[in-house]
Amino acid sequence: MALTKEQIERYMKNPNLCPFCQSTQIAGEQLEVNDGSAFQPVSCLSCGKDWEDNYTLTSVTSNVE
C-alpha cells in the first residue's frame, strides 16, 4: 500500500511515528548507500506496514585539522 500525500507530510513533520497508524514502535534497518543516494527500510512493529526513508546529502563537514 502506497503512502498518501497526507501521510507523507505528517511523517516528514514527525518521523518518529508510523505514517500509517501513528505508533512510536518503528524499527529501521541498516542504512544503504547506492549510486549517490541513501535509503533505509523501516517497519512498524504495531501495524506491520513497511516503507523506505530516503536521504539527501545537505552538507559536508571536515574533522581534519
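**View 1. Strands β3 and β4 in the predicted model.** Gln40 stands opposite Asp53, a residue of β4. The two strands run antiparallel and are joined by six bridges, with β4 covering residues 50-55. Together β3 and β4 form a hairpin, and five residues lie between them. In that turn, Gly48 has a positive phi of about 80°.

**View 2. Strands β2 and β3.** Strand β2, residues 32-34, pairs with β3 in the antiparallel sense, over three bridges. Glu32 has Phe39 of β3 as its bridge partner. A hairpin is formed by β2 and β3 as well, here with two residues between the strands. Asp35, in the turn, has a positive phi of about 50°.

**View 3. Strands β1 and β3.** Residues 26-28 make up strand β1, which pairs with β3 over three bridges in the antiparallel sense. Ala27 and Ser43 of β3 are bridge partners.

**View 4. Burial of strand β3.** Strand β3 spans residues 37-44. Seven of its eight residues are buried, so the strand is largely enclosed by the rest of the structure. In a regular strand, side chains alternate between the two faces of the sheet.

**View 5. The largest nonpolar core.** Six residues make up this core: Tyr11, Cys18, Phe20, Val42, Cys44 and Trp51. In soluble globular proteins, nonpolar side chains tend to be buried together. With neighbours within four places in sequence left aside, Cys44 is in contact with Cys18 and Trp51, both of which belong to the core. The other contacts of Cys44, on that basis, are Cys21, Ser23, Gln25, Ile26 and Lys49.

**View 6. The surroundings of Gln7.** Gln7 is part of helix α1, residues 5-13. Its relative accessibility is 12%, and because the cut-off for buried is under 20%, Gln7 counts as buried. The side chain of Gln7 reaches the backbone nitrogen of Thr4 at 2.8 Å. Apart from its neighbours within four places in sequence, Gln7 is in contact with Ala2, Pro19 and Phe20. Of these, Phe20 is also one of the residues of the largest nonpolar core.

**View 7. Gln7 and Ser59.** In sequence, Gln7 and Ser59 are 52 residues apart. In space, their C-alpha to C-alpha separation is 27 Å.

Conventions
Residues numbered from 1 in each chain as written. Predicted model: local features only at pLDDT ≥ 70, side-chain atom pairs only at ≥ 80, totals over all residues. Heavy atoms only, no water. Helix = DSSP H or I, 4+ residues; strand = E, 2+ residues; numbered from the N terminus. Buried < 20%, exposed > 50% of the residue type's maximum accessible area, 1.4 Å probe, protein only. Contact = heavy atoms within 4.5 Å. Polar contact = N/O pair within 3.5 Å; in protein donor to acceptor, adjacent residues only side chain to side chain. Pairing = 2+ DSSP bridges. Core = buried A, V, L, I, M, F, W, Y, C linked by side-chain atoms within 4.5 Å.
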